[in-house]
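Reader: Please take me through one part of this model closely. I want the nonpolar interior, and then the loops beside its strands.

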Amino acid sequence: QVQLVESGGGLVQAGGSLRLSCAVSGRTFSHTVMGWFRQAPGKEREFVASINWSGGRLKYGESVKGRFTMSRDNAKNTAYLQMNSLNSEDTAVYYCAARTSAVTSSWDYEYDYWGQGIQVTVSS
C-alpha cells in the first residue's frame, strides 16, 4: 500500500514562506516522479510542480515560477515544496502525488497515488 503524507501547511502572512513535505512509503521512492498540485475553493485542481527521480528535471506551473522550488531527498523518501513570496492567490489545499514513470508531468490524471491534502492559507 502506497501512502503519501503531506505536512508543513498552515497560515502565513502575505510575503512569507512555507515549506511543504511529502513523505512516501510503500514503494521504491527513488524511481518515482513526484508532483504537487493545489485546489482553491471553487476552482479546478492546478499543477504546481513536478520532479523526476534524480531531481535533474523540474517543471513548474506558470503562477509559481520563480517563487516555489521543488526538491526531493531519496534517502528520506520525501519530496519538498519551498514556497516563497506567498500571496492570497496561493491559498489552497495542496496535494502531493506520485507517478510510476520516469517522465515528469503536469497532468493530474497521469499520477497514480495521492496524499490527503494539506491546507495553506495566506492572509493579506
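**The core and two loop residues**

Author: This is a predicted model. Start with the largest nonpolar core. It has 29 residues. Six of them touch the most other members: M34, W36, M70, L81, M83 and Y94. Many strands feed this core. β3 (18-25), β4 (33-39), β5 (46-51), β7, β8, β9 and β11 (118-123) each give at least two residues to it. In soluble globular proteins, nonpolar side chains tend to be buried together.

Now take M70. Set aside its neighbours within four places in sequence. M70 then contacts M34, G35 and W36. It also contacts A49, S50 and I51. L58 and Y60 are further partners of M70. A79, Y80 and L81 complete its list. M34, W36 and L81 appear again here, as contacts of M70. Apart from the largest core lies another one, of five residues. V33, F47, A97 and Y111 are among them.

Next, the loops. N77 sits between β7 (68-73) and β8 (78-83). Its phi is near 55°, a positive value in a residue other than glycine. N77 counts as partly exposed because its relative accessibility is 26%, between the 20% and 50% cut-offs.

S85 lies one loop on, between β8 and β9 (92-99). S85 is not a glycine either, yet its phi is positive, about 50°. Its relative accessible area is 44%, so S85 is partly exposed. Both loops adjoin β8: the loop of N77 leads to β8, and the loop of S85 follows β8. β8 itself supplies at least two residues of the largest core.

Methods
Residues are numbered from 1 along each chain as its sequence is written. This is a predicted model: local features need pLDDT of at least 70, side-chain atom pairs count only at pLDDT 80 or more; totals for chains, interfaces and linings use all residues. Side-chain values use heavy atoms; hydrogens and water are left out. Helices (H or I, at least four residues) and strands (E, at least two) are DSSP runs, numbered from the N terminus. Buried means under 20% relative accessible area, exposed over 50%, partly exposed in between (1.4 Å probe, protein chains only). A nonpolar core is a set of buried Ala, Val, Leu, Ile, Met, Phe, Trp, Tyr and Cys residues joined through side-chain atoms within 4.5 Å. Contact means heavy atoms within 4.5 Å.
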